[in-house]
Amino acid sequence: MLNRTKKNELVNGIKGDIDKANAVFLTNLVGIQANDAVAIRKKVRDAGGKIIVTRNTLFELAGKETKCASLFKGLKGPSAVAFAFDDAAAVAKALKESGKELELVSLKGGVLGDKALNVQEVNALADLPSRDEMLGTLLATFMAPVSALARVLHAVGESKGGVSEEAAE
């Protein structure tokens, strides 16, 4: 049983996480095996996030006067909260993939920035490519004209007299 001091520390810790997080997602980890819960926590941690499981009343107390007040208001049943400190899409994707593997894990809603998200919007966010994938696509787009120019110059050089391998280097 938690005493008042421990509850206040926990509520203040959750408030601090809410303030630092780019996004907050409401999910469920209760009822799954311990090894599966550890695997989900590791996926979320690797994506730059954190998961907390505690009483709904403590979530509601921590969420008062924050961007998550509407998300935490009137929670029923077992709940867990995932915080995304870096890449919100990566944390949402980790939770969605875990939900595909384990039917007890489900996304219930979230907050991105100051905007409340319903389940469909959280799933759409999870379907987005990760930040690294988007940066790779952007880099490939930037490099496409340069590589096309290099191929054309190489073809012109070959047609004019052939470029030997030693001369190309």
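Two strands pair if DSSP finds at least two bridges between them. Strands (E, at least two residues) and helices (H or I, at least four) are DSSP runs, numbered from the N terminus. The model is predicted: local features need pLDDT of at least 70, side-chain atom pairs count only at pLDDT 80 or more, and totals for chains, interfaces and linings use all residues. Residues are numbered from 1 along each chain as its sequence is written, and side-chain values use heavy atoms, with hydrogens and water left out.

**Exercise 1.** Find how many bridges join E2 and E3, and in which sense they pair.

*Solution.* Take E3, residues 80–84. E2 pairs with E3 over 5 bridges, in the antiparallel sense. Check one position: Phe83 of E3 stands opposite Lys50.

**Exercise 2.** Trace the pairing of E4 on each side.

*Solution.* Start with E1 (residues 23–27): 4 bridges join this strand to E4 (residues 109–112), and the two run antiparallel. Ala23 has Leu112 in E4 as its bridge partner. Now turn to E5 (residues 115–117), antiparallel to E4 with 3 bridges. Here Leu117 is opposite Gly110. The E4–E5 hairpin has 2 residues between its strands, and Gly113 takes a positive phi near 65°.

**Exercise 3.** Write the strand order, then place H6.

*Solution.* The order is E2-E3-E1-E4-E5, an open sheet of 5 strands with antiparallel pairing. E2 (49–53) and E5 are the edges, each pairing on one side only. From one strand to the next, the twist averages 15°. Angles run from 0 to 180 degrees between N-to-C directions; axes are lines fitted to C-alpha atoms, for helices over the stretch in contact (heavy atoms within 4.5 Å). Helix H6 (residues 119–127) lies across E1, E4 and E5, at about 95° to E5.
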